Structures are given as C-alpha cells and as structure tokens.
Amino acid sequence: MSSVSQDSEGSRPTFLDVEGEFLHAAEFGDIPNVKRILNDYMDLNIDCIDALGRTALRLAVKNEHLEVVEVLLEKSNQHHIYEAVLQAISAGHTQIAETILKHRRYLEMWKERRKLGDTDGFYKTALPDSQFSPDITPLILASQKNQYEIVQLLLLRGETIMKPHKFSCACQECRNKMKFDQLRLAKYRLNAYKGLASEAYISLSSKDPILTAFELAAELRRLSRVEKHFKREYRDLADQLSDYVVKLLDRIRTQKELELVLNKTGKPHQEKFASLARFKLALNYKEKKFIAHPSCQQRVVRIWYNGMGKLERAKWPKRLTMIALFSCAYPFLIFLHVFFPNTKGAKILQFPVLKFVCNAMSFFTFLLLIVVSTIESSQSVSKYRTLHSEYPDKHHVYSLFRNKTDNTVFGDDFPLRPSFPSVTEMLMSLWIIGMVCQECNQLFHNGIMQHILSFYNLLDVVLLTVYIATFTLRFWTMYKVIVWYAKILCFDTLPHSRSGFGLCTRFWTICKFHAALAFLSNPANIAQELKMLEHLYWLNTDRIFWSPTDPINLIEGSFAIANILSVGRISYLLPANEILGPLQISLGRMLKDIAKFGVLFLLVIFAFMVGLHNLYWYYSERNDIELAFPDRPVVATVNAEVNFGGVMATFRTVFWAMFGRGEPEAVLLGGYNNTFTSDIGYFIYGAYNISMVTVLLNMLIAMMTRSFTLIAEDSDREWKFSRSLLYMDYISNGGTLPAPLNILGAPKALFKVLFCGCCCCGEAHSDSEDQEDDADDADSPMYSARNGRVQNGKSMSRSHLAKQMSIDGPTGVRTSH
C-alpha cells in the first residue's frame, strides 16, 4: 500500500489507496496523517469501511484514540456517530463516550429525534453492519453496563428509560408494534427492563432505590411467568435486583441508619416511618436475601425479645425458671390487661416473645383436650348403662311395646347413647369460640385477599368454618329441645341435617336422645309403631343396629380428619427452632412435588383403569348374562372379577399396586378358558407396574431429593425467612390474649366498633390528603415508574380502624390454633 509521500512519479494515488491509508491512520491513532488526508482529499468518503465493514470512526473508538474521534465527528454521518457512541459505551471507553455525547453534531441529532417524537427507536431501520438493536439507546446501554458517569450525564439531560406497557396491553401503540415485528417487540421489552433493573439507573434516578428494586423485581417475576420465552432472563434480572438491595444493606454502619431503612414507608419523597414497614414490604415481596441479611435479622430479633432481653441471652434452666414465674403471675396480668390496659404491668403481655409462648401453650392445651376427648370417647358408653338400669319406667313402656307389636326390636334391653356433653367437649367448644373470634379479627385487619394468601390461614378458615356451623346448629337444636320438652311430643320435625360436623352432630344426637326419652314417657305412644321405632333408634348405642349415615359415624369421620389437621398445625410453630425449621420447609417443598406429580399419577392410573375395566367388564356382569349351570366358576376362583370387576375394585387394585401390594394372579380368570384375555391382562398389568412403580415413583423420589438438596444448600436463608414470617405475626400489635381468653375482650371491641365514628372520619380526611399528594406526583418519572402491588402508605386508615376495633389490641396476629 503506497502513500502520497512515497509517490516518486508525482502521480496522485487512487481513492482506494487513500481510503486504506486513512483507515490505517485512524486505527492506529496517527492524527497528523488523518488531518493531512482530510485536507488533501476533500472528496474522500470519511465513512468508508474496511474489509470487516468498520468505519474510521469505529476503528478510532475501538482503539481509544480520542483526538482522532474528535476530528472525525465533524464530518461523519449521523448514523455512524450514533453507532460510535454505542460502541464506546459497550467497550467501557467512558471519556470517548462523553466526548461524543457532548459534541455539537450528536446534540443536534438528539434534538431532532426528540422533536420528531422518536423516544425509543423501535421503528428505526437498523444498519446492516450495526452490532446493536435499533431500540438500544445510549442510556439503556450505559445502564446495562452500569456506567454511572454516562447514566448521570444522560439523566441530567432529561433522558429516561420508558417503562414497557403490560404484556397484556391492547392499546393502539402495542398493537402497531406487534404488527410491525413481534420479535423486536419482545427484545425491546427485555432490553428496556435490563436498563431499568441496572444498579446505576436505579441509584441515580430513584429517590428510594430499595422500594424501586422491590417493586421492579416483583414485576419481573410476574413477567417470567407470562413471557416464558424469556423466563430465565427475567428471573436473572429479579435476582440481580435482590443482590443490589443486599449491597445497599452492606453499606449501613449504625443502628440508626438501619432503623431509618427498615422503617421507611410512604412515597419516596415523603418522610414517613412506621415500625419495620420496609421489612414487612420485603416479606410481602418474598425478598428472602433482604430478609435473611444479618442486619435485618439483628433488628428483628432485638424487637422479638423487646422487654425480655435477658431471656435471649439466658441458658435453658434460667429460661424455664423465668417462664414458670411468668405462668404464676399470668392470671394477675390478665386482670390488669382487661381492666387496666394502660398500666405498666399490663403491657408485659404485649411483649412479642411472651405472646408467642402464651399462644403456643394455648394451642398445646387444645391438643391435650383432643387427646383427652379421644380417651373419653371409649368410656362414654358401656353395657352396664342400659335403658333398664337408667330409666326403669321407660323400659316398662318399651316392654309393653314389644309385647303388643311382637317386635323384638333391640332385644330385652340395650345400651344407651351418651346423654350429655362431657366437660372436655364443653372446654373444646370454648376454645373454638376463641379461635373463631381471633380469626375474624385477623380477617378484618388483613382483608380477605391478603388473608387467604397464607396456607395456614386457609387451613384455619376451613376448620373454623366447620365449627361456626357447629354452634349455629347447636343453639338451634337447644331451642327445639325446649319446645319438645314443653309439649312432650315426638320430635320428628328435627331435620336430619348433615351440614354440621364435629360437636354439632354430638349435640344433635343428644337432643334426639332426650326426645326419645320424652316420647317413651307416655304409654299412649305405643300405638305409634313407626315413631316408637325411630325414637328407640336414637337411644341405642349398639352400632350393629345403626344406619351407615348415623350422625355419630359422621362426627367420628370428620373429627378424625379435623384432629389430624389440628395436630399438623404444629408445623406453623416449627420455624422458631433452628433445627426443625429447615426440616419443615423441606417437607413443604416435598408436598408440593407430590402434588405436581399427582396430576401425572392420576393420568396414568386413569388410562390403565379404563383399559383393565374394558378387558374384564364381562366377568363382573356374568351373573346377569349367563344361565345357571352346575359347573360355573365361583367368584372366589375368578380373580379378575374380584380385582377388576367394577370401577372401585379396579381403582383399589391399581392404587395399592403402586405401593407394591399388587398380585400377579389378579388377572387370572379361573375356570374360564380364555388365555388370550389373561395374556393381555398380564401385559397391561405388568406395563402399569413398570411405568408407575419403576419409572414414576423413582422420578418422584429424585425430584424430592433435589428439593431437599436445594433447601439444604440454602437452609439458613429459607429458615430465616420463615422465622421472620412467624416473628412478624407476634411483633404486630394485638393478639395479646390467646384463645379462649381473648373472648374477654369481645365487649370492649364491640364498644369501640359502635363509638369509633370520629376516628374513621379523621382518617378519611387524611386519606383524601394522601390522594391529592398522589395526584401531584403522578407526573414524576420516579412515581410513574412504580406500579407495585403493595402500597406502603395507603393502609394507614385501615390499620388505624383495625386498631380501634381489635378484640384485644390494635391488630390481630395469626396464632397457632
């Protein structure tokens, strides 16, 4: 390649040689040669490219030749200037990027684009040799690269990253972009969120970086569930924001700074603070890294032992001694709390750790009552407590009825059902009333939607809904019993309701018992044979004469399920322990894995059930098809009829076969000479065992092992998050008295409900002021970028109202019932 200075013949070189020399000089920073060539060759194409499609400006930017870049900016094409600034930002050449962004020609181009309304560059045509997407702006790229100087320069100039519309948005702009290019729209959204989620952009543009990071991370996690084609990218961005918040926490040095961060609430520009407001927000957004940070945990544990600091540092013997002394003083403290709630002694019950201990002891007492009730159930009836031994006069009427109707009925005598509820059942009823009051208090304070987000709240609602029906039917039946005793009539008007469970069925049966005794008191009723038989039925406890749907059968079935769920409720308390907490979390994850696999199991079971039932349907209907012959095979010899004859029989067979309880002889046809059907049955039954037992069950075990491993690897963070959820339930005001002692506060709560109108009016006025502030901030880019689902400052009026209407304190907590 020859240069002009080396031309011995004086002939001018061709433009091709000059362009090559020009590109070479720009690439290696030969500023004198660049200026000379530009001066000598006025018609030179300054945007000429080399074999790789790179212009002189791009070569100079790549090799950080600032002086060459300054010279070339005056004559380069606007598209190449824009490409050069993106290249400088991407390569991390901050000084060159700032030079281009401040240059006159770039500013003219930027103003022209803003005048035309081109803010995102979505419809811009991409250059063939460009390495950047058309929608990538210098601000987005600088934010993605976390180049603080460039981001600050562009923000001060008035540039912002426009937040993409919702994925389901159907506005005209979104429809036009989708018609133009769906892939570009998807990448445009992703690039915009990458810029919004950058540390540099949030730190320099947001007045409240932590709140912005929480809300944006929650939105990105929702997008990962909707835009599944970029699921991993959105998840990574959300995790990046969680790490960014942790970095901010690492910069906190003093306790005062930590309290300001954790107590911040309201809009970013508002100086509003509430106890652990930001911490509660992190719990709602499930920011586990923030929650498990040592600084946050130190603050929460300190509040947890508020007023009981010695208990935190004491050893177990001293802890047990302090709890024993507290138990002795507990009745006196309850008296102070009910009648003198503002005294210093009454406020002891409001310490979070003591509230937890009291509610836990109340729950274990309820479990003890369940055990005692289970033991008493076998002692409530006896063959020595009969109609003759307890009610001789009624037995005489019964004997007259048997002699007159020649009906043996239940024999000469029969054992009696329980006639009155036991003391244990009455205590359980009292506990349940307290639990219902507590649950209603929580429901009012939290709201329905927020309340049902917790699994334990759903479990409580299911159990307590049953008990609400219990007491409704109980009081109704007591009223009916009074009427029946007054008239001494037959109580056939009592409906056989099956909607009640548990204790309501017990009380209903007892009412029927007394109704039958009243009926037997009148010998004239002997003539009414059907009514007499019905009332005798409600006296007899011999279950061989009972109907399958007898209320006692219903109560024992529902009570068995309720007791299992009640004992399983202990898992709510396990996160308080460092050893049992991670195990409880692992168990919960495994149950989720089983639920996911349950759908696949049902599909496989259903497929093989249909096939096996279609194969052996004839043998379940053979008695209605075949004629009577002496050599017909009996049922015991036709195994297929027993195992696959009906739908339920087929289900039982394939279900227990899943646990290795299946028999190979289950497909045999006994005396039937149908070997082809038996062979097909062997094949289908064998394929079922292979697919279900060998494949699916081992897949489930592997999936559960993976879940346990993941929890074990991050057990500390998971446990601290679960423990924080438990702690916050008791750190919140309210829930001071456990069930059933919280019933003592019901009159006070009712009084506050009736006379809280003034407070509500005052709060309504403050709400209107907050709404005006929101309207004033609507135009702010910081405010418009936030659209999270949790708004800190807006729940103050409801919280204040709940404080006035709570049964035993400002707000309710979820207790371990």
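**Helix α7, serine 724 and the annotated spans**

Modeller: Glycine 117, just after α7, has a positive phi of about 80 degrees. Helices here are DSSP runs of H or I with at least four residues, strands are runs of E with at least two, and both are numbered from the N terminus.

Colleague: What sort of model is this, and how are residues numbered?

Modeller: The model is predicted, so local features need pLDDT of at least 70 and side-chain atom pairs pLDDT 80 or more, while totals for chains, interfaces and linings use all residues. Residues count from 1 along each chain as its sequence is written, and side-chain values use heavy atoms, without hydrogens or water.

Colleague: Back to α7. Which of its residues are buried?

Modeller: Arg105, Tyr106, Met109, Trp110 and Arg113. Buried means under 20% relative accessible area, exposed over 50%, and partly exposed in between, with a 1.4 Å probe and protein chains only.

Colleague: Where do they sit around the axis?

Modeller: The buried residues of α7 are Arg105, Tyr106, Met109, Trp110 and Arg113. They are on the same side of α7, because their arc around the axis is only 135 degrees; the arc is taken from the directions from the helix axis to the C-beta atoms. Lys111 and Lys115 are exposed on the other side.

Colleague: What does the buried side pack against?

Modeller: α4 (66-73), α5 (78-91), α6 (94-102) and α8 (138-144). Contact means heavy atoms within 4.5 Å.

Colleague: New topic. Where is serine 724, and is it buried or exposed?

Modeller: Serine 724 belongs to helix α35, residues 715-731. Its relative accessibility is 1%, so serine 724 counts as buried.

Colleague: What does serine 724 touch?

Modeller: Leaving out residues up to four places away in sequence, serine 724 touches Phe279, Leu283, Ile291 and Gln297. With glutamine 297 there is also a side-chain polar contact of 3.0 Å. A polar contact is a pair of N or O atoms within 3.5 Å; within protein, one must be able to donate a hydrogen and the other to accept it, and residues adjacent in sequence count only if both atoms are side-chain atoms.

Colleague: Which residues does UniProt annotate as "transmembrane region"?

Modeller: The unreviewed entry gives 320-340, 352-375, 456-477, 597-619 and 682-701. Such annotations may be inferred rather than shown by experiment; positions use the numbering here, and feature names are shortened. Residues 320-340 are 95% helix and 0% strand, with end C-alpha atoms 28 Å apart. For 682-701, the values are 100% helix, 0% strand and 27 Å.

Colleague: And how many helices and strands in the chain?

Modeller: 39 helices and two strands.
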